[in-house]
Amino acid sequence: MKLLEEYIRTYGEVPNDDVLKVDAFLNHQIDTRLMMQLAEDFKEHFKDQKITKIVTIETSGIAPCVFLGYLLHVPVVYMKKNPSKIMTDDCYHTNIHSFTKDRDYEIVISKKYISSEDNVLFIDDFMANGEACLGAIRVLKEAQATICGIGIVIEKAFQSGRKQVQALGYDVYAQARIASLKNGTIVFAE
Ligand code: G4P
Ligand code: NA
Ligand code: NA
């Protein structure tokens, strides 16, 4: 997506060879005009799917999903990370290992908000090694929901996420694909 690539070129920061910081429009400050454009792009890409629900993981996936949910007239459910004791609903959950942050975390979703009736579009802001996406797939499968699409805002194509997810038989649509961040230079994949 050209507009997103422009934002990444203009506002993206590369603190090291592996990480792209996009706090200016996605991970801290949120550019609402861009979020709407991302939503329009996902809507167009997944227009043949009968989506009943959009699912993401807190926090940064929520912003584009809310715009998309509004456009598609469907609810957005975000999986919670490391839920507090206040979360007493009956839940599906799984543990995820983050290589980037070198720690494990749990994601949960209440059984109230996901079921075998749902055709889910899963969206996340970043895909690195794909662990978050694989965890979300495990949870959605346990809920017997149908996964009708996986959409990612920014894919780091030099990491293994896409390969892992495709190995399970799911296609991944990414709005921007980063081929390399070496030496502070952002290179997009074709
Ligand atoms: P993986 O699920 O694809 O294996 O990713 P990983 O554990 O490596 O990433 C952990 C967190 O770091 C995720 O966000 C992910 O979105 C984010 N992340 C990974 N690589 C990058 C990057 O290059 N740039 C930025 N900006 N984020 C990256 P999180 O912190 O768990 O969630 P959130 O609260 O930000 O949504
Ligand atoms: Na995220
Ligand atoms: Na993130």
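**Exercise 1. Which residue in E6 stands opposite Asn 95?**

Solution. Asn 95 faces Glu 106 in E6. Step one: Asn 95 is placed within strand E5 (91-98), an edge strand that pairs on one side only. Step two: E6 covers residues 103-110, and 8 bridges join E5 to E6 in antiparallel fashion. Two strands pair if DSSP finds at least two bridges between them. Strands (E, at least two residues) and helices (H or I, at least four) are DSSP runs, numbered from the N terminus.

The model is predicted: local features need pLDDT of at least 70, side-chain atom pairs count only at pLDDT 80 or more, and totals for chains, interfaces and linings use all residues. Residues are numbered from 1 along each chain as its sequence is written, while chains are lettered from A and ligands numbered from 1 in the order in which they are written.

**Exercise 2. State the strand order of the open sheet of 8 strands.**

Solution. Read across: E5-E6-E4-E3-E7-E8-E9-E10. The pairing is mixed. The edges are E5 and strand E10 (187-188). Helix H5 (residues 131-142) packs on this sheet, and the strands it touches include E3 (53-57) and E4 (76-81). The direction of H5 makes about 160° with that of E5. Angles run from 0 to 180 degrees between N-to-C directions, with axes fitted to C-alpha atoms, for helices over the stretch in contact. Contact means C-beta atoms, placed from the backbone, within 7 Å.

**Exercise 3. Count the helices and strands of the protein.**

Solution. There are 6 helices and 10 strands. As for extent, the C-alpha atoms fill a box of roughly 45 × 35 × 30 Å along the principal axes.

Technical notes. Two residues are in contact if their C-beta atoms, placed from the backbone, lie within 7 Å.
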